[in-house]
Amino acid sequence: MSADLPGIVRLRDRREALTLRTILTAARGLFAERGYARTPIRLIAQEAGVSPQTIYAHFGSKAGVLGGLVDLLDDEAGIPDLVAEARRTEDPVALLGLLATVARQVRERCGDIVTMLSSGAAVDPDIVATQAEGARRNRLGVEMVMDRVRKSGRLAPRATDIAVALMSADVHASLVTEAGWSHDDYEAWLKDTLVASLLR
């Protein structure tokens, strides 16, 4: 009956979460280094220090591991904290500023995952599906913020479409990678542009 004790369950949950993160971190590095197609489960398991069966038990397949990287991206980019912050404010300018922060943190902390999904989507259906899931989550998050901004009565038409376009990886790459902007400059520009474009 000791397995039912809350402390034991929490410890097991922490151990499982650590195992999942270890697997995903190993996969992230290997996918970046070797490419998704040329990285077998066996190698991910070896890098993570677990058995291949552990990976199959948690993720089901290599495509499942890839899907787990979207969860890792959300976590590492601090999305849950920013969502909680968005729920605590009604100020439309602050809400749009949070969207700029999300875009910055995703690109700055997890740009390797974003790049891998973008470059691999052309050749692998698993990556296409994972990229689509990431895009779906991004749009849902933007829509949640727009619903809150809409209460101010100042939201422009098609605001979600415009915000998603401005927050895209291509815009970030053009400004930060190609033009040499800092992430601070990018975030400040994106906030100002979202406010100017979306608030009437």
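Okay, let's start with a pair of helices: α5, residues 79–87, and α6, residues 92–120, have axes that come within 10 Å and cross at roughly 180°. Anything over 145 degrees counts as roughly antiparallel, so that's what we call α5 and α6. One thing to keep in mind as you look at this: it's a predicted model.

So who's touching whom? On the α5 side you've got I79, L82, E85 and A86, and they meet L95, L98, T101, V102, Q105 and V106 of α6. Sort the residues of that contact by class and you get seven nonpolar, two polar and one charged.

Let me zoom out for a second. The protein chain has ten helices and zero strands. Reading from the N terminus, then, the order of elements is just α-α-α-α-α-α-α-α-α-α. As for dimensions, the C-alpha trace spans about 55 × 45 × 30 Å along its principal axes.

Now for the second pair, α4 and α7. That's residues 62–76 for α4 and residues 125–150 for α7, and they pack at an angle of about 25°, with their axes 9 Å apart. The cut-off for roughly parallel is under 35 degrees, so α4 counts as roughly parallel to α7. And the handedness? The crossing of α4 and α7 is right-handed.

Here's the residue list, if you want to click along. From α4 we have A63, L66, G67, V70, D71 and D74, and across from them in α7 sit D126, I127, T130, G134 and R137. By class, this α4 with α7 contact has four nonpolar, three polar and four charged residues.

Okay, last topic: the pocket. How much space lies in the largest pocket? About 750 Å³. Its lining takes in 30 residues, and the ones nearest the centre are V106, G134, A135, R137 and N138. You've heard some of those names already: V106 was on the α6 side of the contact with α5, while G134 and R137 were on the α7 side of the contact with α4.

Which helix gives the most to that lining? It's α7, with ten residues. But α7 has company, since α4, α5, α6 and α7 each supply at least two residues of the lining. In other words, both of the helix pairs we walked through take part in lining this pocket.

And what's the lining like by class? We're looking at 20 nonpolar, six polar and four charged residues. R137 is a good place to finish on screen: it's in the α4 with α7 contact, and it's among the residues nearest the pocket's centre.

Definitions and conventions. Residues numbered from 1 in each chain as written. Predicted model: local features only at pLDDT ≥ 70, side-chain atom pairs only at ≥ 80, totals over all residues. Heavy atoms only, no water. Axes fitted to C-alpha atoms, helices over the stretch in contact; angles between N-to-C directions. Helix = DSSP H or I, 4+ residues; strand = E, 2+ residues; numbered from the N terminus. Parallel < 35°, antiparallel > 145°, perpendicular 65-115°, else oblique. Left-handed = near helix turned anticlockwise from the far one by under 90°. Contact = heavy atoms within 4.5 Å. Nonpolar A, V, L, I, M, F, W, Y, C, P; charged D, E, K, R; others polar. 1 Å grid on protein atoms, 1.4 Å probe; cavity = no way out; pocket = protein on both sides within 12 Å on 5 of 7 lines; lining within 4 Å. Points joined across faces, edges and corners; volume = space filled by probe spheres on them.
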